[in-house]
Amino acid sequence: MSEVINKTVDEATQVAIMDQCPTADVPARSPLAHQDQSSKVAPQNPGVFLWEDALKTHLVLRGDANNADFRQGIEAATGLDLPEALQSTQSDDWALGWIAPDEWLLTGPGDQAFAMETTLRKHLSGHYAVINVSGGQTLVRLAGPEARSVLMKSCPYDVHDRNFPIGKIVNTVLAKSQATIRRLGENDWELVVRRSFADYIWRWLMDASGEYGLHLGQPDAATAARQSNPSRANPVEG
Amino acid sequence: MFYIYCPYCGEHREEEEFHPKGQAHLARPENPDECTDEEWGNYLYFRDNPRGIHHEIWVHAIGCRKFFNVTRDTQTYEIKESYRMGATPEVTHANDPLS
Ligand SMILES: [Zn+2]
């Protein structure tokens, strides 16, 4: 018995990483797959655009922000700085948002979860965690000149410019559920919602957007240019 | 409706993001096997019910999900301070063992 208990275990062998999407033919459905996500009759001048950024990679990162090795490991693996409280950082493909003093959410292209998790584990050591939660939540996007009005109706948090600048990320109450709200641009918001509440929140947002003219789907290129938000592409200042 | 300062988020948030978790600064007896039943019973079941200053635990449940302490006046409901776990309160009453 004793030799079993005292057996030294290689730390690396204790982690089982699984590719949750090994091949493209494995069917995957977003929690909003059953919703008709395209406007059949779009309003002339929509105040709100609503769409789902479905099947993205969602990784929860845990670790000590004061540990230089952890910070550098995250930076090396993602190319993104570890954001300070209530802030987010962003590259072309990936976004890293602060959730708690020892927790961050990394979102990016849906087919790269396994590759990114492997890279992160290569760069991190010691006391940390990387958890693939892609199946547990989804991204809902809210844009347009009245997007903020919809949020004002739906959550108790102050979404005014002076309290919610571009790049800020906040975990708060949304409708009678909760969401992680991140501001991507002047009129551009991203909501992280739980899988089991996605349907409820989607229907809530559709209802709340009705009075402003709702377009289900992304703004087309022309509309996007008209409602442009120049800071969208820039990484967020800390 | 409380407007509570979360010492981890560094912001005031609406009360509905939080849950109260009872009296703060309860020390578990060092060696439960050597406690009297009365000592263990007091630790497990008995709580202060002061009129005035009360130190209590809250959790930022729909936020950063961290536990922290609040000093609150039970008479006026005024929240005097929020402070992190492990810190000592600045506001105490005359007979407060923490003062
Ligand atoms: Zn908090």
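Here is a chat between two people about a predicted model.

Colleague: I'm new to this one. What coordinates the zinc ion?

Modeller: Four residues of chain B do that: Cys6(B), Cys9(B) and Cys64(B) through their SG atoms, and His60(B) through ND1. The distances run from 2.0 to 2.4 Å, and a donor has to lie within 2.8 Å of the metal, so these atoms count as donors.

Colleague: And why is the site of the zinc ion called tetrahedral?

Modeller: The angles among the 4 donor atoms are 105 to 116 degrees. Four donors count as tetrahedral if all angles lie between 85 and 135 degrees, so the site gets that name.

Colleague: How are the donor residues of the zinc ion spaced in sequence?

Modeller: The spacing reads C-x2-C-x50-H-x3-C. Take the pair Cys9(B) and Cys64(B), which links distant parts of the chain. Cys9(B) sits in the loop between β1 (3-6) and β2 (11-14) of chain B, and Cys64(B) in the loop between β4 (53-59) and β5 (67-73), 55 residues apart. Both Cys9(B) and Cys64(B) are buried.

Colleague: What makes β1(B) and β2(B) a pair of strands?

Modeller: Bridges do. Pairing takes at least two bridges, and 4 bridges join β1(B) to β2(B), so they pair; they run antiparallel. One bridge partner to look up is Glu14(B) in β2(B), which goes with Tyr3(B). The hairpin has 4 residues between the strands, and Gly10(B) takes a positive phi near 75 degrees there.

Colleague: What pattern does chain B follow along the sequence?

Modeller: It reads β-β-β-α-β-β-β, with 1 helix and 6 strands. The C-alpha atoms of chain B fill a box of roughly 45 × 30 × 20 Å along the principal axes. Of its 99 residues, 39% count as buried.

Colleague: Back to phi. What makes His25(B) worth pointing out?

Modeller: Its phi is near 60 degrees, a positive value in a residue other than glycine. Most residues other than glycine have a negative phi. You'll find His25(B) in the loop between β3 (19-23) and α1 (37-45) of chain B.

Colleague: Why is His25(B) called partly exposed?

Modeller: Its relative accessible area is 34%. Buried means under 20% and exposed means over 50%, so His25(B) falls in between and is partly exposed.

Colleague: How do you know whether Leu86(A) is buried or exposed?

Modeller: Leu86(A) has 6% relative accessibility, and the limit for buried is under 20%, so it counts as buried. Leu86(A) also has a positive phi, about 60 degrees, although it is not a glycine. Look for it in the loop between α2 (68-78) and β3 (88-90) of chain A.

Colleague: What about Arg162(A), buried or exposed?

Modeller: Exposed: its relative accessible area is 67%, and the cut-off is over 50%, so the label follows. Arg162(A) is in the loop between α4 (147-154) and β8 (169-174) of chain A. From Arg162(A) to Ser91(A) it's 71 residues in sequence and 24 Å in space, C-alpha to C-alpha.

Colleague: And why is Arg71(A) put down as partly exposed?

Modeller: Its value is 24%. That is neither under 20% nor over 50%, so partly exposed is the right class. Arg71(A) lies in helix α2 of chain A, and its C-alpha atom is 9.1 Å from that of Leu124(A), 53 residues apart along the chain.

Colleague: Now the empty spaces. What makes something a cavity, and how many cavities of 30 Å³ or more are there?

Modeller: In a cavity a 1.4 Å probe fits but cannot get out, and by this rule there are 3 of 30 Å³ or more. About 50 Å³ of space lies in the largest cavity. Among its lining residues are Ala95(A), Thr107(A), Ile169(A) and Val192(A). β4(A) gives the largest share of that lining, 3 residues.

Colleague: Which classes do the residues lining the largest cavity fall into?

Modeller: There are 5 nonpolar, 2 polar and 2 charged residues.

Colleague: What is the volume of the largest pocket?

Modeller: About 460 Å³. Of the 24 residues that line it, those closest to the centre are Gln20(A), Cys21(A), Ala28(A), Leu55(A) and Gly110(A). By class, the lining of the largest pocket has 9 nonpolar, 10 polar and 5 charged residues.

Technical notes
Residues numbered from 1 in each chain as written. Chains lettered and ligands numbered in written order. Predicted model: local features only at pLDDT ≥ 70, side-chain atom pairs only at ≥ 80, totals over all residues. Heavy atoms only, no water. Donors = N, O, S within 2.8 Å, 3.2 Å for Na, K, Ca; no water. Tetrahedral: all angles 85-135°; square planar, octahedral: opposite > 155°, others 65-115°. Helix = DSSP H or I, 4+ residues; strand = E, 2+ residues; numbered from the N terminus. Buried < 20%, exposed > 50% of the residue type's maximum accessible area, 1.4 Å probe, protein only. 1 Å grid on protein atoms, 1.4 Å probe; cavity = no way out; pocket = protein on both sides within 12 Å on 5 of 7 lines; lining within 4 Å. Points joined across faces, edges and corners; volume = space filled by probe spheres on them. Nonpolar A, V, L, I, M, F, W, Y, C, P; charged D, E, K, R; others polar.
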